[in-house]
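Reader: I would like a close look at a single part of this protein, the largest pocket, and at the elements around it. What lines the largest pocket, and which elements supply its lining?

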Amino acid sequence: MSLLKPLKILTLLLVCQLAHAAPEQILHSLPKAVLSSLEKNQISPEAMGVSVMEILKTGSGKSEARAVLDWNASKPMNPASTMKLLTTLTSLEVLGPGYRWRTNLYTDGLIRQGVLKGNLYLQGSGDPKLIPEELAKMMQALQNLGIQKIDGNLVFDRSAYAKEVMEQQSIDGEESRAYNVSPDPLLYSFRTLSFTLSKSRTADFIDVSYTPTLSQLTINNQLRLVNQSCDNWKKGIAFDLIGNNKQNIGEKILTANFNGYFPAACTNAAYNVVAIDANTFLTKGFSAAWEQSGGTWAQAPDGQDGTVPVSARPLLQFEGIKLADDVQDINKFSNNVMARQVLLTLALEKVGKPASVENGDLVIRSWLKKMNLQFPELVIENGAGLSRNEAITPEHMNQLLVLARSLPTGDIFYNSLPIAGVDGTMRNRLLVQLRKFLHLQKKPEARIKTGSLSDVRSISGYVVSKSGKIYAVTSFINDPNANRGIEAQDQLLSWLLEDGPEPKQAR
């Protein structure tokens with residue numbers, strides 16, 4: 001689907017054009033299908049905010065936007081995970097899509113006859129996607145230096161972040177859930193054990209595998225197969241992780257216990273849990289990756305906090321994947337800790353260390369000012385939307401979307417959004433509605449970032465209608481029954497797929 005080419009324009013011009021649009025061109029009431037859904041699900045229309053703008057292509061080559069629907073659009077509301085759009089777009093423009101995080105390795109020892117005699121220091125800068133595949137590349141790079149054995153300890157330098165941003169916090173008390181993982185300059189594999197459960201193909205028992213591989217972790221599988229549907233399968237599982245309480249992390253043996261029952265109808269069910277402290281997780285992950293690469297230890301490492309000594313010499317600067325690829329993961333799958341680390345990276349690169357949320361906030365506001373956008377109601381608590389306090393208006397979020405279509409990174413940003421009926425958090429939405437357009441050569445689409453909290457449902461992104469019109473759309477529902485509001489927001493998107501209001505409706 002071809003979109004507007006990035007154009008050099010002032011955002012102020014867009015805002016002025018929107019402000020001077022004739023009142024009769026803007027709908028100030030919600031579409032009937034949206035209102036009916038809200039009523040059916042006991043959600044007050046006043047709990048919903050909507051902004052819709054049509055992005056126009058003009059003969060002059062300049063990008064313009066026309067306000068189509070304004071319903072509580074100037075009301076500050078909690079955007080939930082759609083706040084990631086502000087964080088990711090700012091990062092693409094300020095850091096550049098080719099930005100890569102660096103993890104620096106130092107030593108206070110020497111390499112002799114294949115042995116590193118001395119400690120290995122890891123100094124992180126907040127790479128949000130240091131995953132097993134990337135760690136394997138790091139191990140290979142170490143071996144390329146002539147190291148086959150390490151005779152020393154692992155020391156982790158997390159001085160890139162202010163201490164308070166690394167403290168374990170949650171807004172729902174679910175500290176063991178992956179979405180609540182705290183930022184970490186040396187975050188490995190989201191500090192999450194990802195188990196896969198499935199009925200064995202060869203016998204009547206359950207296969208349990210996990211990633212990332214950790215040294216000295218075993219699985220005690222006591223699950224029983226039952227002939228039940230796969231609905232709510234997690235309720236039948238009891239999980240705990242037991243360690244042997246030895247002080248030395250390297251000697252600590254971990255056992256993942258699974259008890260209860262598992263439905264035979266389930267295949268490749270994912271069970272994710274955060275159950276290990278950051279140092280143990282990284283130590284055992286690093287140890288396993290080193291051993292898998294063929295490396296050995298003189299003694300299992302203890303994994304301690306520390307800072308790189310002035311006298312230490314650099315061994316390796318390992319670069320992670322590009323920011324553009326990270327933005328894809330953040331927006332497609334709504335990864336909270338990745339978004340939080342992007343915000344902190346803005347602070348780290350533009351203000352300096354230790355990175356803080358306050359400094360990340362300053363960088364975003366500075367960029368908005370440079371783009372001639374004024375969002376006085378904006379509240380940023382972590383940049384991921386995992387917050388009861390973050391706030392923005394639907395209108396301002398939509399202005400951000402309109403701006404994005406004129407920026408050099410606009411296509412990267414657009415392509416990072418989940419596609420309705422195809423991938424990410426929109427994979428299973430609008431399936432029925434989109435089937436109506438299968439006969440069309442140019443099919444409409446909705447690329448929408450979603451957000452949800454216990455009392456928030458949000459959508460923000462772009463809809464390309466059946467006639468080829470491009471709409472920026474943002475809708476927030478802040479209500480105790482917000483979890484029932486998905487249908488109303490899907491009705492809004494369906495309305496736009498069908499080209500929204502007829503001219504007579506806009507009078």
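Author: What follows describes the pocket and its lining, then one helix of that lining, and then two further elements. This is a predicted model, in which local features need pLDDT of at least 70 and side-chain atom pairs count only at pLDDT 80 or more, while totals for chains, interfaces and linings use all residues. Residues are numbered from 1 along each chain as its sequence is written, and side-chain values use heavy atoms, with hydrogens and water left out.

The largest pocket has a volume of about 1600 Å³. A pocket here is an open set of points on a 1 Å grid over the protein atoms alone, where a 1.4 Å probe fits, with protein on both sides within 12 Å along at least five of seven lines, and lining residues have an atom within 4 Å of a point. The volume is the space filled by probe spheres set on the points, which are joined across faces, edges and corners.

The lining consists of 49 residues, and A178, Y179, N272, F333 and S334 lie nearest the centre of the pocket. By class, 18 lining residues are nonpolar, 20 are polar and 11 are charged, where Ala, Val, Leu, Ile, Met, Phe, Trp, Tyr, Cys and Pro count as nonpolar, Asp, Glu, Lys and Arg as charged, and the others, Gly among them, as polar.

At least two lining residues each come from α4 (132-143), β14 (269-273), α6 (323-333), α7 (336-350), β18 (445-453), β19 (456-464) and α12 (486-497), and the largest share, 5 residues, is that of β18. These helices (H or I, at least four residues) and strands (E, at least two) are DSSP runs, numbered from the N terminus.

Of these elements, α12 can be followed further. Its 12 residues reach 16 Å from the first C-alpha to the last, close to the 16 Å expected at 1.5 Å a residue, the expected span being 1.5 Å times one less than the number of residues. Because 9 of its 12 residues are buried, α12 is largely enclosed by the rest of the structure; buried means under 20% relative accessible area, with a 1.4 Å probe and protein chains only. Among the buried residues of α12 are D490, W495 and L497, and the helix is followed by D499, whose phi is positive, near 85°.

Helix α9 (residues 394-404) is likewise largely enclosed by the rest of the structure, because 10 of its 11 residues are buried, including H396, N398 and Q399. For strand β13 (residues 254-263), 7 of the 10 residues are buried, so this strand too is largely enclosed.

How values were computed
Buried means under 20% relative accessible area, exposed over 50%, partly exposed in between (1.4 Å probe, protein chains only).
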